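Student: Hey, can we go through this protein together? I'd like to start with how its parts touch each other.
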Amino acid sequence: MSSRFAPRPTRTTVRGGETPTPGGVPSPAVPSHTRTWRPPYPLDLGLTLGPLRRGPADPTFRTTPDGSVWRASRTPQGAGTLRVALRSGSVEAEAWGPGATWLLDRLPAMLGASDDPGAFVPRHRLIAAAVHRRPGLRLTRTGLVMESLIPSILEQKITTDEAYRAWRLLVRKYGEPAPGPTPAQARMHVMPEPRTWALIPSWEWHKAGVDNKRASTILRAVSCAARLEEASAMDPPQAQARLELIPGIGPWTSAETVQRSNGAPDAVTVGDVHLPGIVGYALADNRDATDPEMLALLTPYEGQRHRATRLIYLTGHTPPRRAPRMRKTNIAAW
């Protein structure tokens, strides 16, 4: 919905990763690199790529009326822009920039080719209904750690809107314009390279609403970015252990990262303010569930617990809203 009455994104839709991708006609832009790939399974681009979007104004992610999803990424070969669209069961992809070939080579994995939803067996009626209604859900695997790790660090201990604002401001100011003919008025940018993150002045973090603790964690992470990027080729538990060697990165942040970079189906997010209550309410009518209670409820889905929580989010069966548990803060005004 594009009108001013469109509903604001909620934590449920954001975490569930549901991004509308309207149908339409192919883009007339002439690409520098192309690839056509026919997935041997049902595929919903919005559901699969939605978790990579950090808010409706994310400068690295856009959807367009022709049904395309655009992403600007920093790959090992450099900046790249990728446009993907689903046409008659085939994925048509275009890419620009030094990272174009890298992005196209990893297109199937990004669209869930390495995912195995057949390993998931629903044990609850609500989840079984979600599986039936969302056959195109696949878990993405980007193969890029830092582009998921840094925004996850920004999301620590604050509201989603505050984290999205910080990501948007920092990427637009210190990132580079995305290569290629990106959508008009989109202002797409590729996130900064590690050295650029390291050189951001303290007052700019402050103006973006990022406190010293989160800024320091990002600075520690980018100082060993190459070693952290190696985690994308590891098994998810090993990848999380590698990330958690950095002070300030705990189980919540590492899980949120490997869910995207590694396509980890069992990387359940613990330490979250809302998730235990959502899972508890959906599976046991207990909106006040704790992390241990949530993990106990997810025991039947061992090995697929992240997928189970994604499906629960997508049912929309969440507790009635209460007053906000976290207040917005504006440290730039301090």
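Tutor: Sure. First, a contact here means heavy atoms within 4.5 Å. Also keep in mind that this is a predicted model.

Student: Okay, so among contacts between residues at least 6 apart in sequence, what percentage join residues at least 24 apart?
Tutor: That comes to 69% in this protein.

Student: And how many helices and strands are there?
Tutor: The secondary structure has 16 helices and seven strands.

Student: What share of the residues count as buried?
Tutor: Of the 334 residues, 52% do.

Student: Let's pick one residue. Where is tryptophan 197?
Tutor: You'll find tryptophan 197 in helix H8, which covers residues 194-198.

Student: Is tryptophan 197 buried or exposed?
Tutor: Buried, because its relative accessibility is 0% and the cut-off for buried is under 20%.

Student: What is tryptophan 197 in contact with, leaving aside neighbours within four places in sequence?
Tutor: Its partners include Ile150, Trp167, Leu170 and Trp205. Met191, Pro192, Ile218, Leu219 and Val222 are also in contact with tryptophan 197.

Student: Which backbone oxygen lies 3.0 Å from a polar atom of the tryptophan 197 side chain?
Tutor: The one belonging to proline 192.

Student: How far apart in space are tryptophan 197 and alanine 221?
Tutor: Going C-alpha to C-alpha, they are 9.9 Å apart, with their positions 24 residues apart in sequence.

Student: New topic: helices H6 and H7. At what angle do their axes cross?
Tutor: At roughly 130°, and the axes come within 8 Å. H6 is residues 146-154 and H7 is residues 160-174.

Student: Why is H6 called oblique to H7?
Tutor: The angle of roughly 130° falls outside the ranges for roughly parallel, perpendicular and antiparallel, so the pair counts as oblique. H6 passes H7 in a right-handed crossing.

Student: Which residues make that contact?
Tutor: On H6 they are Glu147, Ile150, Pro151 and Leu154, and on H7 they are Ala163, Ala166 and Trp167. By class, the contact has six nonpolar residues, one charged and no polar ones. Ile150 of H6 and Trp167 of H7 also turned up among the contacts of tryptophan 197.

Student: Last one: which helix holds threonine 257?
Tutor: Helix H13, residues 251-261. Threonine 257 counts as buried because its relative accessibility is 0%.

Student: And what is threonine 257 in contact with, again leaving aside neighbours within four places in sequence?
Tutor: Val145, Ser148, Leu149, Ser152 and Leu243.

Note on methods
Residues are numbered from 1 along each chain as its sequence is written. This is a predicted model: local features need pLDDT of at least 70, side-chain atom pairs count only at pLDDT 80 or more; totals for chains, interfaces and linings use all residues. Side-chain values use heavy atoms; hydrogens and water are left out. Helices (H or I, at least four residues) and strands (E, at least two) are DSSP runs, numbered from the N terminus. Buried means under 20% relative accessible area, exposed over 50%, partly exposed in between (1.4 Å probe, protein chains only). A polar contact is a pair of N or O atoms within 3.5 Å; within protein, one must be able to donate a hydrogen and the other to accept it, and residues adjacent in sequence count only if both atoms are side-chain atoms. Axes are lines fitted to C-alpha atoms, for helices over the stretch in contact, and angles run from 0 to 180 degrees between N-to-C directions. Angles under 35 degrees count as roughly parallel, over 145 as roughly antiparallel, 65 to 115 as roughly perpendicular and the rest as oblique. A crossing is left-handed if the near helix is turned anticlockwise from the far one by less than a right angle, and right-handed if clockwise. Ala, Val, Leu, Ile, Met, Phe, Trp, Tyr, Cys and Pro count as nonpolar, Asp, Glu, Lys and Arg as charged, and the others, Gly among them, as polar.
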